Each structure stands twice: as structure tokens, then as C-alpha cells.
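Work through these exercises with the sequence and the model side by side. Try each task before reading its solution.

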Amino acid sequence: MAEEDKVQRFIQVTQAPRAKAELALMSCDGNLNVAIERYFGGTFDDAAPAPPAAAVAARGEDDVRAPMRTGYTDNLMGNLETPADIERQAREKARLEEEERLQREKEEKEKLERDYEEKIRNEKEEAAKRKKDEDAKDDELEMARKAAAEKKARRKAEAAAAAAAAATAEAAAAAPAPAEAPAMAPTMPADSGVAATPTTAYIEMCSAATPAALTVPPAERGGVPEHAPESSRPGMTPVGSSSSSSATATTAGAFEAAHVQKDVAAGIRLLMSYKEQNPSGLRKCLETLRKIVDNLDKRGIEDKFRSIHLSSKTYQTNIAPFKGGLEVLVACGFREDEGKANLVADLSVYKKKGLSISGAIDMLDLVIRQLPES
């Protein structure tokens, strides 16, 4: 930096007159920083004599001492900022702060948007899950309604089949038997200890009925000769008509119901011999049989309700000691397995006897109501 520039800089910083500026620089060998420090530090002597002009003129370039390397790095020039510099720095600082503020607002806005999207997504997922659960419940209710309707229709069909079988058996019992026909099943002996009640009469009727009794002789079909055309027979439907298959199915159901009721009645007749000697045990046996047969009727599609362990405590205590209990179970479709350790109702047999088991349940209910409470 030239001497004149140093003088102007010294005056700008210290606001000192030019004479003092030149004197200060001269006393510090032209070192501007040292001159400014001495001036503000109070060590500058205004009366310090200037060196003789001849001495100054006699100095050569080699006589000028180079600045000392003291390691001191503080530079007062950094504090010498003009108002324009200060204003520019203030504007820059404001600009940076504004950018930071905008960046923060942008990040907060993006975070709010992400949170909102996540909330909407969660609400949609929850709504979909609720709808799925509601649909599943509706399906379950619909299945339950259908099952109840099917159960009601099946019960109605069973009752109709049982009534038809009972009416047919009664008609067959009232009709004169042919000379070569075998004797009907014996009636319940008077000394069996069973009172003559509607229950025992019903059991007697079912026990006496045979599958053959379900076939009415042609001559008894309303008095119509066998050779008469089917269309002229009251209550008969020509073969090939729309209701022919329905009538056949009803007759088959009644035939199966008669089989089951006859065998169940025979088993109950054997059980009733224990009425006097062990009434409480007999009632327990009948209630256990009723529960087993009811489970088979309602939930026989499951394997566990179609199997009875012969070694179980319930069977050994409530059924095995009473003759007739096993006969009732066999009549309802149970058979011994290969190892003879269980009674098992085959699924195909269960489906075949499905419409006939309810008749057995009704018979057991009738007998249980006749017995005293245990």
C-alpha cells in the first residue's frame, strides 16, 4: 500500500488530522496497523519530533525494517466496515433467515400432509376391516337362519313321516292278518312294571310296526281294484307326474322312520324292566341316551359326535349296566368299530337316518317324562 493510501486510511479510521496521521505513520515506520493501535492506545506522542528530512532521504530500501512476525493475527481492518457493508450484511442475514424460515415451513407442511395421508389411509383400512367383519357376521347370521329354516323343515318332515308311519302301522294292525302271516310282536307283558300310558301304547305300536306294514294291499286302496287305471284311484299319482318322486321320497322316509322307531321301541322295552329296581339309574341312562342321540341329530357332521368310547366313565356308568341301552344306540346308527373299543356312526348312515333320529328323541322324551325325578 502506498504512503498516501495509508495516510488516507489512517484519517478515515481515526478521524485525526493529516499531520497527526503522517506523524503516527512515520513513528511506526509506515506500519498502518501499529500506528492505529498506538493512536487508540494512548501511546502516541503528538510532540514526538519528526526525523530529519536528510536522514529520511538518506535511507535506502535496505534501511526499512520489515514488519516483525509476532504471530499476532488480530486485524483491526475487519472492524472497519462502512454503513453500506453493514447494510449489505444485514440484508444477507435477513435473506438467510427468511430462507431458513421458508424451509422450516415447507418441512412442517410436508409433515402435516404425510400425517394427514397416513390418517386417511388408516381410517380407510379400519373401515374396510369393519365392513369385512360386518359382512362375516351377516354371513354367519344368514347361515344360522338357513340352518334354522332347514332344521324346522326337517322336523316338520320327520313329524309328517312319523305320523304317516304311525297311521299306516295302526291301519295294518287293525286289518285282519292273512292266515300265513307271522304273529305280530308280543305286547308288553303285564308284569313288566310299565303302566299302560299313552307313552307305552306308542312304544307298543312302534314296536309292532314292521316295514311290511307300510305296504297297503291293493284291495285296500279305497276299494279300487288293482286292475283299475291309476288315474281313477283316489290319492294316487300317475307314474311320471311331477309329484311322483316326492311321494316316493316321503314313503322311503316313512319306511326308514318305522325301522328306527321299531328298534328304538324294542330297546326301550328292555330298559323299562329296570323301572322298579333302579328308577334313578334308568332315568340317568335314558337322559344320557337322549343327549347322545340329540348331538348326533344336531351335530352329527362332526366326527366327535359320531363316536362313543366304550371304556369311558359315562358309558360304563350310565349305559352299560342297563340292557337295552346299546340296542337304542344301534337303532340310531351306531356300530362297533374294528377294535370293538368304540361305537361309531358312519357319516353315510347318519345322513341316511337323519330324518328318523328325531322320532327316537321324541320317544325318549316321552319315556323320561313318565319317570320320577332323580
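Two residues are in contact here when they have heavy atoms within 4.5 Å. The model is a predicted one.

**Exercise 1. List the contacts of L271, leaving aside its neighbours within four places in sequence.**

Solution.
- Step 1. Set aside the residues within four places of L271 in sequence.
- Step 2. Collect what is left: L271 is in contact with L282, C285, L286, L289, F322, K323, G324, G325 and V328.
- Step 3. Place L271 in its surroundings. L271 is among the residues with the most contacts inside the largest nonpolar core, along with V264, I268, L286, L289, L329 and F334. That core has 34 residues.
- Step 4. Find the suppliers. At least two residues of this core come from each of α7, α8, α10, β3 (342–345) and α11 (347–370).
- Step 5. Look for another core. One of 11 residues lies apart from the largest, and includes A16, C28, L32 and I36.

**Exercise 2. Decide where the buried residues of helix α3 point, and what covers them.**

Solution.
- Step 1. Take α3 as residues 32–41; its buried residues are L32, A35 and I36.
- Step 2. Check their directions. They span an arc of only 95° around the axis, so they sit on the same side of α3.
- Step 3. Compare with helix geometry. An α-helix has 3.6 residues a turn, so residues three or four places apart point the same way.
- Step 4. Identify the cover. It includes α1 (3–14) and α2 (18–27).
- Step 5. Inspect the ends. N31 caps the N-terminal end of α3, with a side-chain oxygen 3.3 Å from the backbone nitrogen of N33. Just after α3, G42 has a positive phi of about 80°.

**Exercise 3. Find the aromatic pairs and describe how their rings meet.**

Solution.
- Step 1. Search the whole structure: there are three aromatic pairs.
- Step 2. Examine F10 and Y39. Their ring centres are 5.6 Å apart and their planes stand at 75°, so this pair is edge-to-face. The cut-off for that label is over 60 degrees.
- Step 3. Locate the partners. F10 is in helix α1 and Y39 in helix α3, so the pair links distant parts of the chain, 29 residues apart.
- Step 4. Check burial. F10 is buried at 0% relative accessibility. Y39 is partly exposed at 24%.
- Step 5. Examine Y274 and F322. Their ring centres lie 5.2 Å apart with planes at 80°, so this pair is edge-to-face too.
- Step 6. Locate these partners. Y274 is in the loop between α7 (244–271) and α8 (279–299), and F322 is in the loop between α9 (313–318) and α10 (325–331). The pair therefore ties together parts 48 residues apart in sequence. Both Y274 and F322 are buried.
- Step 7. Look for a cluster. Ring pairs join F10, Y39 and F40 into one.

**Exercise 4. Which phi values of Q15 and D29 are positive, and where do these residues lie?**

Solution.
- Step 1. Recall the usual case. Most residues other than glycine have a negative phi.
- Step 2. Read Q15. Its phi is positive, about 55°, although Q15 is not a glycine.
- Step 3. Place Q15 in the loop between α1 and α2. With a relative accessible area of 64%, Q15 is exposed.
- Step 4. Read D29. Its phi is also positive, near 55°, and D29 is a residue other than glycine.
- Step 5. Place D29 in the loop between α2 and α3. At 42% relative accessible area, D29 is partly exposed.

**Exercise 5. How many disulfides does the structure hold, and are C28 and C285 buried or exposed?**

Solution.
- Step 1. Count the disulfides: there are zero.
- Step 2. Apply the cut-off for buried, which is under 20% relative accessible area.
- Step 3. C28 has 9% relative accessibility, so C28 is buried.
- Step 4. C285 has 0%, so C285 is buried as well.

**Exercise 6. Summarise the overall fold in numbers.**

Solution.
- Step 1. Count the elements: 11 helices and three strands.
- Step 2. Write their order along the sequence: α-α-α-α-α-α-α-α-β-α-α-β-β-α.
- Step 3. Assess burial: 28% of the 374 residues are buried.
- Step 4. Assess range. Of the contacts between residues at least 6 apart in sequence, 68% join residues at least 24 apart.

Note on methods
Residues are numbered from 1 along each chain as its sequence is written. This is a predicted model: local features need pLDDT of at least 70, side-chain atom pairs count only at pLDDT 80 or more; totals for chains, interfaces and linings use all residues. Side-chain values use heavy atoms; hydrogens and water are left out. Buried means under 20% relative accessible area, exposed over 50%, partly exposed in between (1.4 Å probe, protein chains only). Helices (H or I, at least four residues) and strands (E, at least two) are DSSP runs, numbered from the N terminus. The arc is that of the directions from the helix axis to the C-beta atoms. A polar contact is a pair of N or O atoms within 3.5 Å; within protein, one must be able to donate a hydrogen and the other to accept it, and residues adjacent in sequence count only if both atoms are side-chain atoms. A disulfide is a pair of cysteine sulfur atoms within 2.5 Å. Rings of Phe, Tyr and Trp (its six-membered ring) pair if their centres lie within 6.5 Å; planes under 30 degrees apart count as stacked, over 60 as edge-to-face and the rest as tilted. A nonpolar core is a set of buried Ala, Val, Leu, Ile, Met, Phe, Trp, Tyr and Cys residues joined through side-chain atoms within 4.5 Å.
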